[in-house]
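Good morning, colleagues. I would like to take you through one structure, from its overall build to its interior. Please look at the sequence and the model before I begin.

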Amino acid sequence: MLLDNLWFAQSIGLLACLVGATAFLQRQDSKLRLHLTLNGTLMGLHFLLLGSSVAAINCLLCAVRNWVSGYYRGLGVMLLFLALAWTLVIPQISHPVQILTLVGTTLSTFALFRLEGITLRLCMLSSTICWLTHNIWAGSLGGILQESIFFVINGHTILGLYRARPQAAQETAKAGQEKS
């Protein structure tokens, strides 16, 4: 029975990975947030089934945060989510590696509420490194695969956005000259 439960937990993690794999392909921040909301919900369930309450709390809180950040990006709302994360997670920590989930959650919370575009994705990339390290420690197959995919896809999207910046600036300047 334990093997069946482990298989089911890992299956949920792999499903979350599939949902999350498309998140950082999104060039629109609102679509990025929507994909991350569903992903966080599934990963929360995955970690709950694995018995990792610290990661489960972080993931479920992140799912709500991802959704809310699409509508409310004020400093007070961000601070509320940070306070909730720190208050709910710190008492559950039983191993130093679990702190990385809190650091990752803090970074991604700041990114989703205060940043946009390339800087949002760079901060999310830092969060990915924290979560990847934790997931290797926790033995989460879906989590390892997911964060590895996030790292590659987000990095690719960052490069694409960075390369498009000079072209967009040139097009804006050209359009301004044509109006003159």
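I shall treat the fold, the nonpolar cores, the cysteines, some individual residues and the cavity in turn.

A word on conventions. This is a predicted model, in which local features need pLDDT of at least 70 and side-chain atom pairs count only at pLDDT 80 or more, while totals for chains, interfaces and linings use all residues. Residues are numbered from 1 along each chain as its sequence is written, and side-chain values use heavy atoms, with hydrogens and water left out.

Let me begin with the fold. The chain has 7 helices and 0 strands; here helices (H or I, at least four residues) and strands (E, at least two) are DSSP runs, numbered from the N terminus. The C-alpha trace spans about 75 × 35 × 25 Å along its principal axes. Of the 180 residues, 43% count as buried, where buried means under 20% relative accessible area, exposed over 50% and partly exposed in between, with a 1.4 Å probe and protein chains only. Among contacts with a separation of 6 or more, 69% are between residues 24 or more positions apart; contact means heavy atoms within 4.5 Å.

I turn to the nonpolar cores. A nonpolar core is a set of buried Ala, Val, Leu, Ile, Met, Phe, Trp, Tyr and Cys residues joined through side-chain atoms within 4.5 Å. The largest one has 12 residues, among them Phe24, Leu36, Leu112, Met124 and Ile153. Helices α2, α5 (99-114), α6 and α7 each give two or more residues to this core, and α6 gives the most, with 3 residues. A second, separate core has 10 residues, including Val68, Phe81, Leu102 and Phe113. In general terms, nonpolar side chains tend to be buried together in soluble globular proteins.

Next, the cysteines. How many disulfides are there by the distance rule? The count is 0, a disulfide being a pair of cysteine sulfur atoms within 2.5 Å. For Cys62, the nearest cysteine sulfur is that of Cys59, 6.4 Å away. Cys62 is buried, at 9% relative accessibility. Why does Cys123 form no bond with Cys130? The sulfur of Cys130 is the closest cysteine sulfur to that of Cys123, but at 9.7 Å the two are too far apart for a bond. Cys123 is buried as well, at 13% relative accessibility, and is a member of the largest core. Beyond its neighbours within four places in sequence, Cys123 is in contact with Leu107, Phe110, Ala111 and Leu115.

Now to some individual residues. Is Arg33, in helix α2, buried or exposed? Arg33 counts as buried, because its relative accessibility is 6%. Neighbours within four places aside, Arg33 is in contact with Asn66, Ser69, Gly70, Arg73, Leu112 and Leu120.

Val19 lies in helix α1 (residues 2-21) and is buried, with a relative accessible area of 18%. Its C-alpha atom is 7.3 Å from that of Leu38, 19 residues away along the chain. Setting aside neighbours within four places, Val19 is in contact with His35, Leu38, Asn39 and Leu42.

Helix α4 (residues 75-89) holds Leu82, and Val77 is also found in α4. Leu82 is buried at 16% relative accessibility, whereas Val77, at 24%, counts as partly exposed. Leu82 touches Thr106 and Thr109, residues up to four places away not being counted. On the same basis of excluding neighbours within four places, Val77 is in contact with Val68, Tyr72 and Phe113.

Finally, the cavity. The structure holds 1 cavity of 30 Å³ or more, and about 250 Å³ of space lies in the largest cavity. A cavity is a set of points, on a 1 Å grid over the protein atoms alone, where a 1.4 Å probe fits but cannot get out, and lining residues have an atom within 4 Å of a point. Grid points are joined across faces, edges and corners, and the volume is the space filled by probe spheres set on them. Of the 20 lining residues, the closest to the centre are Asn39, Trp131, Gln146, Glu147 and Phe150. Helices α2 (29-50), α3 (53-69), α6 (117-138) and α7 (141-179) each supply at least two lining residues.

What is the makeup of this lining, by nonpolar, polar and charged residues? The residues divide into 10 nonpolar, 8 polar and 2 charged, where Ala, Val, Leu, Ile, Met, Phe, Trp, Tyr, Cys and Pro count as nonpolar, Asp, Glu, Lys and Arg as charged, and the others, Gly among them, as polar. Phe150 belongs to the largest nonpolar core and is also one of the residues closest to the centre of the cavity. Thank you for your attention.

Methods:
1 Å grid on protein atoms, 1.4 Å probe; cavity = no way out; pocket = protein on both sides within 12 Å on 5 of 7 lines; lining within 4 Å.
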